[in-house]
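Work through the following exercises with the model open beside you. Each task is followed by a solution that proceeds step by step.

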Amino acid sequence: FGIGPRKQVDDTPYGGGAGMVLRVDVMAAALQAAKNKLQNTKYKVILMTPQGERLQQPKLREMTTTGSNYIILCGHYEGFDERIRSLVDEEISIGDFVLTGGELPAMMLIDGISRLLPGVLGSEASHQDETHATEGRIEYPHYTRPEEWKGKAVPTVLKSGNHAEIERWRCEQSRHKSGK
């Protein structure tokens with residue numbers, strides 16, 4: 001969708017300044033091509049940007065239940081023409097920092113959504129009892145073999161076979177890690 005013999009997608013910003021900015025006309029053409037492929041399909045257009053709503057687990061869960069497809073737009077280097085914001089349904093940020101492009105945040109969004117979809121993880125319970133599955137909750141610690149490693153042993157309760165005690169220990173550990 002680039003313009004000219006070099007298929008340019010960015011240009012210098014009006015008013016001067018450092019860096020190159022993605023052109024609105026190029027992004028609009030690319031977006032329209034994606035929309036054409038999703039005819040008769042429900043979709044939302046997401047813009048990955050540090051100024052967007054901070055991505056959190058409840059948002060990921062919401063995105064898996066809407067029945068929507070997603071078209072994800074990413075800026076690069078200096079960013080994008082401000083008018084691109086008028087083409088999107090929402091803006092999402094992965095945190096208060098800036099990367100060279102929105103590709104990694106987009107992959108994080110995709111991965112976060114994907115692991116909540118049925119059949120992606122080995123067990124449906126895998127994502128129901130983990131950090132951030134419940135607001136403000138941090139998951140309890142996990143242990144595996146060897147039973148002792150460099151003087152650090154697996155807690156006795158986990159080897160006891162007493163499921164009620166194990167659950168109580170896990171809840172206690174979760175509260176402790178969560179600061180509650």
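**Exercise 1. Classify arginine 115 by its accessibility, and then find the acidic partner of its side chain.**

Step 1. In this predicted model, arginine 115 has a relative accessibility of 25%, and because the buried class ends under 20% and the exposed class begins over 50%, arginine 115 counts as partly exposed.

Step 2. The side chain of arginine 115 meets that of glutamate 130 in a salt bridge, with an N to O distance of 2.7 Å.

Step 3. Both glutamate 130 and arginine 115 lie in the loop between α3 and β6 (148–149), so this pair ties together parts that are 15 residues apart in sequence.

Step 4. Glutamate 130, with a relative accessible area of 10%, is buried, whereas arginine 115 is partly exposed.

Step 5. Glutamate 130 also appears among the contacts of glutamine 57, which, once its neighbours within four places in sequence are left aside, are Leu116, Glu130 and His132. Glutamine 57 is found in helix α2 and is buried, with a relative accessible area of 16%.

**Exercise 2. Determine which parts of the chain are tied together by the salt bridge of aspartate 11 and by that of lysine 159.**

Step 1. Aspartate 11 and arginine 23 meet through their side chains in a salt bridge of 3.7 Å, N to O. Aspartate 11 belongs to strand β1 (residues 10–11) and arginine 23 to the loop between β2 (21–22) and α1, so the pair ties together parts 12 residues apart in sequence.

Step 2. Aspartate 11 is partly exposed at a relative accessible area of 32%, and arginine 23, at 25% relative accessibility, counts as partly exposed as well.

Step 3. Lysine 159 and glutamate 147 form a salt bridge through their side chains at 2.8 Å, N to O. Lysine 159 lies in the loop between β7 (152–153) and α4 (163–178), while glutamate 147 lies in the loop between α3 and β6, so the pair ties together parts that are 12 residues apart in sequence.

Step 4. The relative accessible area is 42% for lysine 159, which is therefore partly exposed, and 49% for glutamate 147, which is likewise partly exposed.

Step 5. Salt bridges that share partners also join Lys44, Lys59, Glu62 and Glu90 into one network, and the structure holds 12 salt bridges.

**Exercise 3. Describe the surroundings of glutamate 90, and say whether this residue is buried or exposed.**

Step 1. Glutamate 90 is found in strand β5 (residues 90–93).

Step 2. Its relative accessibility is 13%, so glutamate 90 counts as buried.

Step 3. The side chain of glutamate 90 makes a polar contact of 2.6 Å with the side chain of lysine 59.

Step 4. When residues up to four places away in sequence are not counted, glutamate 90 touches Lys44, Val45, Ile46, Leu47, Glu53 and Lys59.

**Exercise 4. Identify the buried residues of helix α2, establish how they are arranged around its axis, and name elements that cover them.**

Step 1. In helix α2 (residues 57–65), the buried residues are Gln57, Lys59, Leu60 and Met63. They cover an arc of only 160° around the axis, and therefore lie on the same side of α2.

Step 2. The elements covering these buried residues include β3 (43–54), β4 (69–74), β5 and α3 (103–114).

Step 3. After α2 comes glycine 67, whose phi is positive, near 75°.

**Exercise 5. List the residues of the largest nonpolar core and find which element gives the most to it.**

Step 1. The largest nonpolar core has 12 residues, namely Leu22, Val24, Met27, Leu31, Leu38, Val45, Leu47, Ile71, Leu73, Phe80, Ile84 and Val88.

Step 2. At least two residues of this core come from each of α1 (24–37), β3 and β4, and α1 gives the most, with 3 residues.

Step 3. Leucine 38, one of the core residues, is in contact with Tyr43, Asn69 and Ile71 when its neighbours within four places in sequence are left aside. A second, separate core has 11 residues, including Met48, Met63, Ala106 and Ile113.

Methods
Residues are numbered from 1 along each chain as its sequence is written. This is a predicted model: local features need pLDDT of at least 70, side-chain atom pairs count only at pLDDT 80 or more; totals for chains, interfaces and linings use all residues. Side-chain values use heavy atoms; hydrogens and water are left out. Helices (H or I, at least four residues) and strands (E, at least two) are DSSP runs, numbered from the N terminus. Buried means under 20% relative accessible area, exposed over 50%, partly exposed in between (1.4 Å probe, protein chains only). A polar contact is a pair of N or O atoms within 3.5 Å; within protein, one must be able to donate a hydrogen and the other to accept it, and residues adjacent in sequence count only if both atoms are side-chain atoms. Contact means heavy atoms within 4.5 Å. The arc is that of the directions from the helix axis to the C-beta atoms. A nonpolar core is a set of buried Ala, Val, Leu, Ile, Met, Phe, Trp, Tyr and Cys residues joined through side-chain atoms within 4.5 Å. A salt bridge is a side-chain nitrogen of Lys or Arg within 4 Å of a carboxyl oxygen of Asp or Glu.
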